[in-house]
Amino acid sequence: MYKAKAYSVSSATSPFASTTIARRDATPKDVQIEILFCGVCHSDLHQARNEWSGLMPTVYPCVPGHEIVGRVTKVGSAVTKFKVGDLAAVGCMVDSDRTCPECQAGLEQFCPNFALTYNFPDKHLGGVTYGGYSDSIVVDEHFVLRVPANLDLAGAAPLLCAGITTYSPMHHWGVTKGKKVGIVGLGGLGHMGVKFAHALGAHTVVFTTSPSKKDDALRLGADEVVLSKNADEMNKHAGSFDFILDAVAAPHDINAFINMLRRDGNITMVGAPETPLPVAVFGLLFRRRSFSGSLIGGIAETQEMLDFCGKHNITADVEVIPIQKINEAYERLVKSDVKYRFSIDMASLKSE
Ligand SMILES: NC(=O)c1ccc[n+]([C@@H]2O[C@H](COP(=O)([O-])OP(=O)(O)OC[C@H]3O[C@@H](n4cnc5c(N)ncnc54)[C@H](OP(=O)(O)O)[C@@H]3O)[C@@H](O)[C@H]2O)c1
Ligand SMILES: [Zn+2]
Ligand SMILES: [Zn+2]
């Protein structure tokens with residue numbers, strides 16, 4: 001066991017503060033990573049503030065962060081994929097049983113015995129897992145990803161959650177050239193969704209509540225932008241979408257978007273508001289539309305997404321912040337005021 005520097009919250013209402021946490025010494029299958037950048041996901045905020053108390057109550061102190069890139073500083077004796085000095089990345093998962101049908105299918109995110117990167121029982125040290133708001137992490141090599149060398153590291157970190165969470169459902173639902181695709185909510189996930197839909201050749205439409213994001217949406221790759229609070233703009237697109245990805249972090253009217261779908265169209269929820277969204281079933285019956293959800297993506301697909309990003313030079317648009325600005329960053333996240341992901345420069349933790 002060794003001590004690592006980190007930032008944690010001690011209750012749902014307390015601000016982040018500097019602390020130290022215990023990390024395990026690398027076992028034969030483990031990779032130890034010096035964390036260089038960690039993205040700030042809205043899930044970090046939901047968890048830190050215990051907004052998902054019904055499903056995943058927060059255990060304090062809580063160290064969030066699951067968009068991790070860094071450099072390998074140590075490898076266990078049985079590690080084959082990494083060597084000291086390599087770039088490496090860790091996303092939302094750090095373990096699974098590797099034997100169940102979901103794991104066998106490369107869908108570790110649905111394994112009944114998986115472990116999330118933070119706030120999950122830690123089978124090595126007891127207590128809960130601690131995430132990437134820290135200077136290092138130790139992870140089984142199966143859950144460590146390779147980072148294409150051409151990608152900017154601060155912008156690559158958010159690919160580990162925002163990237164895979166938007167890439168995976170687009171592949172599952174067959175987003176390709178010629179399809180009309182909607183992205184709801186231009187935040188961390190949404191802006192990655194726009195980049196992927198555009199790169200896959202789809203006609204991409206952004207639905208936003210923020211008029212000030214219109215120009216950015218077009219710059220990020222959208223073909224059209226719709227202000228979702230403007231009924232006239234919304235009506236123009238009724239019944240026309242093949243696929244819509246909803247990445248909104250708060251309760252909102254999902255039926256307005258279901259009605260945008262054409263026959264057999266699908267809307268997939270990746271946003272995770274803390275309260276249920278009422279669905280008007282008739283919207284689904286007419287035109288045989290479907291409403292579904294999606295959770296991050298498996299390890300193999302995450303590597304595929306990173307390689308796709310390497311090939312197309314895709315990274316997140318980030319505002320790089322020192323860890324000392326994390327409380328301010330959370331306040332801005334709540335106000336939908338992030339352009340379009342905060343990425344923490346972990347060098348800032350050295351001065352703590
Ligand atoms: N399914 C998964 O595996 C998975 C993975 C990661 C995150 N998530 C969840 O996905 C959600 C989005 O995460 P994120 O990091 O992208 O968050 P984010 O950066 O805060 O973006 C959310 C966006 O939703 C829109 N929005 C916010 N409040 C709204 C409201 N009341 N009504 C309508 N639109 C609103 C805003 O976009 P506009 O300003 O454009 O309207 C905002 O920028 C979170 O709930 C997070 O927990 C799920
Ligand atoms: Zn996330
Ligand atoms: Zn499994």
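The exercises below, each with a worked solution, concern a predicted model.

**Exercise 1. Determine which residues coordinate the zinc ion (ligand 3), and what geometry the site has.**

Step 1. The donor atoms come from Asp 97 (OD), Cys 100 (SG), Cys 103 (SG) and Cys 111 (SG), and they lie at 2.0 to 2.3 Å from the zinc ion (ligand 3).

Step 2. Along the chain, the donors of this ion follow the spacing D-x2-C-x2-C-x7-C.

Step 3. The angles among the 4 donor atoms run from 100 to 117 degrees, and four donors count as tetrahedral if all angles lie between 85 and 135 degrees. The site of the zinc ion (ligand 3) is therefore classed as tetrahedral. For reference, the ideal angle for four tetrahedral donors is 109.5 degrees.

Step 4. Two of the donor residues can also be placed by accessibility, for which the buried class requires a relative accessible area under 20%. Cys 100 has 10% and is therefore buried, and Cys 103, at 9%, counts as buried as well.

**Exercise 2. Work out which residues coordinate the zinc ion (ligand 2), and which parts of the chain its cysteine donors tie together.**

Step 1. The zinc ion (ligand 2) is coordinated by Cys 41 through SG, His 66 through NE2 and Cys 161 through SG, at 2.0 to 2.2 Å. Water is not among the atoms, so a site may look incomplete.

Step 2. The donor residues of this ion have the sequence spacing C-x24-H-x94-C.

Step 3. Cys 41 sits in the loop between strand 3 (30–40) and helix 1, while Cys 161 sits in the loop between helix 3 (153–156) and helix 4, so the pair ties together parts that are 120 residues apart in sequence. Both Cys 41 and Cys 161 are buried.

**Exercise 3. Describe the surroundings of ligand 1, starting from the residues that are closest and ending with the helices that supply its shell.**

Step 1. Ligand 1 is surrounded by 31 residues, of which the closest are His 42, Thr 208, Thr 209, Ser 210 and Arg 341.

Step 2. Polar contacts to side chains come next. An oxygen atom of ligand 1 lies 2.5 Å from an N or O atom in the side chain of Thr 208; for the side chain of Lys 213 the corresponding distance is 2.7 Å, and for that of His 46 it is 2.8 Å.

Step 3. Of the 920 Å² of accessible area that ligand 1 has on its own, the protein covers 90%.

Step 4. Helix 1 (42–48) and helix 5 each supply at least two residues of the shell, and helix 1 gives the most, with 3 residues.

**Exercise 4. Decide whether helix 4 is largely enclosed or open, and list the elements against which its buried residues pack.**

Step 1. Helix 4 covers residues 162–172, and 9 of its 11 residues are buried, so the helix is largely enclosed by the rest of the structure.

Step 2. The buried residues are Ala 162, Gly 163, Ile 164, Thr 165, Thr 166, Tyr 167, Ser 168, Pro 169 and Met 170.

Step 3. These buried residues pack against strand 10 (180–184), helix 5 (188–199), strand 13 (241–246), strand 14 (261–269), helix 10 (299–312) and strand 17 (341–345).

Step 4. Just after helix 4, Gly 174 takes a positive phi of about 70 degrees.

**Exercise 5. Characterise the environment of Arg 262 in strand 14.**

Step 1. The relative accessibility of Arg 262 is 37%, so this residue counts as partly exposed.

Step 2. When its neighbours within four places in sequence are left aside, Arg 262 is in contact with Gly 239, Ser 240, Phe 241, Asp 242, Arg 287 and Arg 289. Its side chain reaches the backbone oxygen of Ser 240 at 3.3 Å.

Step 3. Between Arg 262 and Phe 243, the separation is 19 residues in sequence and 8.7 Å in space, taken C-alpha to C-alpha.

**Exercise 6. Locate two cis peptide bonds and two residues other than glycine with positive phi.**

Step 1. The bond from Tyr 60 to Pro 61 is cis, with omega near 0 degrees, and Pro 61 belongs to the loop between helix 1 and strand 4 (68–75).

Step 2. The bond from Lys 339 to Tyr 340 is also cis, with omega near -15 degrees; Tyr 340 lies in the loop between helix 11 (326–334) and strand 17.

Step 3. Asn 50, in the loop between helix 1 and strand 4, has phi near 55 degrees and is partly exposed at 24% relative accessibility.

Step 4. Asp 264, in strand 14, has phi near 65 degrees and is partly exposed, with a relative accessible area of 36%.

How values were computed: Residues numbered from 1 in each chain as written. Chains lettered and ligands numbered in written order. Predicted model: local features only at pLDDT ≥ 70, side-chain atom pairs only at ≥ 80, totals over all residues. Heavy atoms only, no water. Donors = N, O, S within 2.8 Å, 3.2 Å for Na, K, Ca; no water. Tetrahedral: all angles 85-135°; square planar, octahedral: opposite > 155°, others 65-115°. Buried < 20%, exposed > 50% of the residue type's maximum accessible area, 1.4 Å probe, protein only. Helix = DSSP H or I, 4+ residues; strand = E, 2+ residues; numbered from the N terminus. Contact = heavy atoms within 4.5 Å. Near = heavy atom within 4 Å. Polar contact = N/O pair within 3.5 Å; in protein donor to acceptor, adjacent residues only side chain to side chain. Areas by Shrake-Rupley, 256 points an atom, 1.4 Å probe, with all protein chains shown as cover.
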